[in-house]
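Hi,

Here is the structure I said I'd pass on. Have a look first, and my notes on helix packing and charged pairs follow underneath.

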Amino acid sequence: MTLPLTGRKKPNPLIQGKTHLECSNRDKAEVLADTLETSIEPNQASKLTVEVKQEITKPETEAATIEECSSDEIRRLIKKLKNCKAPGKDEIANQAIKMFPNVAVDRLAEIFIAYLQHQRFPKAWKEARFTVFPKAGKPLRDPATYRPTSLLSGLSKLFEKVILAHLSDFASSENILATEQFGFQKEHPTNHQLLRVVDIISQGFNINKSTGLVLLDVAKAFDRGRHRGLIYKLIKLKFSSNLVNLLTSYFLHCNV
């Protein structure tokens with residue numbers, strides 16, 4: 001039985017260069033690369049204060065906390081991986097990771113533990129396959145129309161989840177995150193914040209008072225974040241030196 005083709009693949013649109021429209025894939029890629037390099041260029045951070053420099057370069061005075069992760073934890077995280085996600089440069093799809101036998105998961109846990117203890121994020125897991133998608137309703141010839149996406153290795157994202165679990169556990173145990181923060185915190189989904197805001201506004205209506213709302217949208221927060229400033233804050237908040245050094249390694253030399 002054969003099925004008729006319902007449509008044809010649309011050709012890639014021309015991209016407006018500095019002086020003319022580009023038609024070859026290489027030239028279009030160069031135009032997009034130049035545009036994205038400008039738009040996501042990190043902020044020019046001010047000079048580090050003496051205190052920040054001292055904290056970042058301070059030698060260890062206490063034994064580092066040994067971070068661990070179990071095979072059971074890895075299995076739980078693997079089950080949560082989404083099948084629809086495209087693989088990174090290693091071409092290992094999430095469906096394949098979910099089919100790992102127990103012995104492979106055990107070895108993966110040992111690898112994760114080794115990286116946690118040696119405070120290094122593997123360079124190969126920081127390399128991404130880079131692609132762009134046009135924003136809906138925008139002119140396709142405008143290079144600023146395209147939104148970049150980095151496709152990381154599924155194993156890399158799995159290791160990131162392990163690191164996040166350690167960060168979250170410490171932040172929760174030390175009450176670092178404010179109870180008013182919703183999102184990126186267990187049992188604090190963003191829809192609860194919406195309910196909270198509606199409740200506050202409703203209470204104001206009941207007593208004939210108006211409620212003011214100030215919204216702040218930080219564009220490209222990850223790309224323009226001050227990594228050294230983040231590391232400094234982790235140090236001051238007493239996160240383990242293993243995690244601090246691991247995240248320092250994570251922020252260095254990311255490639256696409």
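Let me start in the middle of things: the cover over the buried residues of H5 includes H3, helix H6 (154-173) and helix H10 (241-251). Keep in mind as you read that this is a predicted model.

Which residues of H5 are buried? They are Val105, Leu108, Ala109, Phe112, Ile113 and Leu116. Looking down the axis of H5, you'll find these buried residues within an arc of 140°, so they line one face of the helix. As for its length, H5 has 17 residues and runs 24 Å from first C-alpha to last, close to the 24 Å expected at 1.5 Å a residue. Right after H5 comes Gln119, which has a positive phi, near 60°.

Now the charged pairs. In general, side chains of opposite charge can pair when their charged atoms come close. How many salt bridges does the structure hold? There are 5, and I'll walk you through some of them.

One joins H5 to a helix that also helps cover its buried residues. The side chains of Arg75 and Asp106 form a salt bridge at 3.2 Å, N to O. Arg75 sits in helix H3 (residues 71-79) and Asp106 in helix H5 (residues 102-118), so this pair ties together parts that are 31 residues apart in sequence. Both ends are partly exposed: Arg75 has a relative accessibility of 23%, and Asp106 has 25%. Asp72 comes into the picture here too, since Asp72, Arg75 and Asp106 are linked in a network of salt bridges.

Another pair stays inside H5. Arg107 and Glu110 meet through their side chains in a salt bridge at 2.9 Å, N to O. These two are 3 residues apart in helix H5, which puts about one helical turn between them. Arg107 is partly exposed at 40% relative accessible area, and Glu110 is partly exposed as well, at 44%.

The last one I'd point you to is away from H5. Glu91 and Arg129 make a salt bridge between their side chains, at 2.3 Å, N to O. Glu91 lies in the loop between H3 and helix H4 (94-98), while Arg129 belongs to strand E3 (residues 129-134), so the pair ties together parts 38 residues apart in sequence. Arg129 counts as partly exposed, with 31% relative accessibility.

If you only have a minute, open H5 and look at its two sides of the story: the buried residues lining one face, and the salt bridge from Asp106 to Arg75.

Cheers

Conventions:
Residues numbered from 1 in each chain as written. Predicted model: local features only at pLDDT ≥ 70, side-chain atom pairs only at ≥ 80, totals over all residues. Heavy atoms only, no water. Salt bridge = Lys/Arg side-chain N within 4 Å of Asp/Glu carboxyl O. Helix = DSSP H or I, 4+ residues; strand = E, 2+ residues; numbered from the N terminus. Buried < 20%, exposed > 50% of the residue type's maximum accessible area, 1.4 Å probe, protein only. Expected span 1.5 Å × (residues − 1). Arc of directions from axis to C-beta. Contact = heavy atoms within 4.5 Å.
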